Amino acid sequence: MAKESMMTGCRAAAEGAKAAEVEVICSYPIRPYTAIMMELAKMVANGELNAEFIHGEGEHAQVSVVLGASAAGARAYTGSSGVGVTYAMEVYSPMAGGRYPVQMSIADRTLDPPGDFGSEHTDAMSTRDQGWLLGWAATPQEVYDNTLMSYRIGEDHRVMLPQMVCQDGYFISHIPDKVTIGEVSQVKEFLPPYRPIHPLSLTNPVSHGPQIRPDQGAPMDAMRAQTFLAVPKVIEEATADFARIFGRKYDPFVEQYKLEDAEIAFFIMGAHSNTARTAVDKLRKEGVKAGMARLRWVRPWPTHQLAEALGHVKAVGVIETSTSYGSAMRGGNLIHELRASLYDLDDRPLVTSFMGGLGGETIWPADFDYMAGVLTKMVKEKRTDRYVYWLGM
Amino acid sequence: MAKALPGYGTIDVPKDRVVPFGAVTPAPVGTQPLFQTSNWRVVRPVRDDEKCTRCLQCYMACPDACWVYKAEGETLEWVGDFCKGCQVCIAQCPEEGALVAVPELDFEGGVVRLEKPF
Amino acid sequence: MAKVHEITVWARGVLMDKEGRDVINLFAKAAQMDGKHAQAFDNYEDLPDRVLVTVRKYVRLSDEEITHKYVYTNDKPEVVVICEATIVKGIDILRGMEPGGTLIINTNRSIDDMLKFIPNAGLLGTVATVDADAITGVRTVDFSGSEGGVDASGIGKGIAAPIVGAIAKVTGLIKKEHLAKVVSDVSGMERGYNEVKIKHFNASAVPELVGGAAGSKLKK
């Protein structure tokens, strides 16, 4: 029977990897994701999971090891947090370009400084140009679900891309919540075994990662971009199939909460969306037509889906828990792509951003009241005063 | 086609939240108000001036530089701001009873009452 | 939304990290047996693997589902539990507390000795001390728990048992009978329940007490 228990996001990720029957795991300790590896180590030691558990000498080694494992045809799994994610930066593009559908489970952590165990999304967000699939979960249940869905999407032959399954460190990774683990039969139906296209082989020798000429660069890049045109359909199919088999329905790209008749909306990603939902309920009771759009996938960015979901809203507040210093809006990174998504609409919403949750601090319900006040004022005055507001500053 | 474009706004960090430039702080030599680890300790090292032979083992052993040797007066001063009560100085002291651990709660002073743990 | 009771437990890193965690886990389990909703977690940002650093553990209790699950800190603690007495000198433990709150300290010193170090003690409705170290003499150190490892040595084998017994007696938010089912050291818990010394201030703000009389109750 599918059983429900209380577990942290890290444990949920480990359960997801176990359900997916990963074959090679490469670990290196860095908190908060490290609890995932501790759980997996226990499972491997107890014989619950038959996987090769390798301890890398650093995050760069971790990602390199799983690249090799995937090239040899194994379903590989690794993870990191904070500066660990940026330490492995070199290997991300080869991984995506070589089309190895490895999964990396990221429990966000602030980058140094301060490098504290609280969550900021900048660590994984800074890899968004490398060609991986990149998505965020908002509850431990969603971490488990995303682990399975990402393998299914990433290993689909129309995609064959590595995936980063991200969760907020501490909030999701270390605070327990209800999670229902799937049954073996459900997982088997949803997630077929990994079938590599050209694995390293003694009988059919191939070369992985050879030098290619500069004039082959542009076509190679274009073909990788072509893949991303095909990914959204695979995401939709996988999410629908997941709902059919496991009974948990997710909007494939954007979770829409009370948006249909909303005048102001919060655009948010990750754990703080849970507080946002309660804030929206409270604002609605006070007569404010508020709504929330929660982004699930950063890569591929759901341009059209966001335009459709938020196009009728009058003012959107992007809540950023990541920084992009010197960027166009001088704040975070989500606002740029959101504004771009809404740019071509005839009657586009006013968009501003709020820097909140930085340093891994909580975004309080009172902060949402403040943000709603700013957005309401923008609607009334029909103009965007500023691109970015730093909560508390 | 001049139109009032949105601005970047201002960022006013409240004075009590300002962080030193580049998070560079003065080294904790002597005293340094930004590093408060004195609330880690459960015991405090107390030096008996008569039994102390001024061998300076405690001065050298302290990982937080909490024993300061004053040449005039030939005395060792204990700086409580960083002392975490690790008792390495007590373990290193060769003289019986010259340096003992006393529960921190026996002392009225040394109250820091931080808002949040450091 | 039903009232959410916030209980903050202060402990010390590494040497008492497990004890602090045991207190909140026992509390949450006992509350759940009562049909209440409870949420218990460590404050991860306190970086608890530094020996002796002050760390916080949180537990929240409510009759209904707790909606603000991801507000990760107890900003208005109703009950503050201090597992290592020296912490009263090092931290403003009553920060955020509304008037009439409760303070429970593990110490063999008198309540007045402790209050000397707490200038904002006027907020308190109830102060209690329990000498957990004398009752069990054990502080279990098991580092694996904070990172999802198994608390293999059992829950409530050390000072957590008398402390959580004291909490049950002083606050009445959980029942001793439920605790007895989950704690490893049942006699320690019972002794904590019986031997806690309680002092009340401002009688009008005192929360309802459940259970028989024990210890001294002096109205100031």
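Two strands count as paired when DSSP finds at least two bridges between them, and strands themselves are DSSP runs of E at least two residues long, while helices are runs of H or I of at least four, both numbered from the N terminus. This is a predicted model, in which local features need pLDDT of at least 70, side-chain atom pairs count only at pLDDT 80 or more, and totals for chains, interfaces and linings use all residues. Residues are numbered from 1 along each chain as its sequence is written, with chains lettered from A and ligands numbered from 1 in the order in which they are written.

**View 1. A hairpin in chain B.**
Here strand β2 (residues 67-70) of chain B runs antiparallel to strand β3 (residues 75-78) of chain B, and 4 bridges link the two. Which residue of β3(B) is the bridge partner of B:Tyr69? Look for B:Leu76. The hairpin has 4 residues between its strands, and B:Gly73 has a positive phi near 100 degrees.

**View 2. An open sheet in chain A.**
Follow the order β3-β2-β4-β5-β7-β6-β12 (chain A) and you have walked across an open sheet of 7 strands with mixed pairing. β3 (52-55) and β12 (297-299) of chain A sit at the edges; each has a single partner strand, so one side of each lacks a neighbour in the sheet. From one strand to the next, the twist averages 20 degrees. Inside the sheet's order, strand β6 (residues 133-136) of chain A pairs with strand β7 (residues 163-168) of chain A in the parallel sense, over 4 bridges. One of the spots to find is A:Leu133, whose bridge partner in β7(A) is A:Gln163. Helix α2 (residues 34-46) of chain A packs on the sheet, touching β2 (24-27), β3, β4 (76-80) and β5 (103-108) of chain A. Its direction makes about 135 degrees with that of β3(A); such angles run from 0 to 180 degrees between N-to-C directions, with axes fitted to C-alpha atoms, for helices over the stretch in contact.

**View 3. Helix α10 of chain A and its cover.**
The 14 residues of helix α10 (residues 272-285) of chain A should span 20 Å at 1.5 Å a residue, and the end C-alpha atoms are 20 Å apart, which agrees. (The expected span is 1.5 Å times one less than the number of residues.) Its buried residues include A:His272, A:Ala276, A:Val280 and A:Leu283; buried means 20 or more other C-beta atoms within 10 Å of the residue's own, exposed means 12 or fewer, partly exposed is in between, and C-beta atoms are placed from the backbone. What covers them? Among the elements are β9 (254-257), β11 (290-295) and α13 (365-381) of chain A. Just after α10(A), A:Gly287 has a positive phi of about 90 degrees.

**View 4. Chain C, from surest to shakiest.**
Chain C holds 7 helices and 8 strands, and 55% of its 220 residues are buried. Its pLDDT, the predictor's confidence in each residue from 0 to 100, averages 83, with 87% of the residues scoring at least 70. Where in chain C is confidence highest, and where is it lowest? Strand β4 (residues 79-82) of chain C takes the top spot at a mean of 95, while strand β8 (residues 217-219) of chain C is at the bottom with 36. Over residues 203-220 of chain C the pLDDT is below 50, yet this stretch has 27 contacts in the model beyond near neighbours in sequence; a contact means two C-beta atoms, placed from the backbone, within 7 Å.
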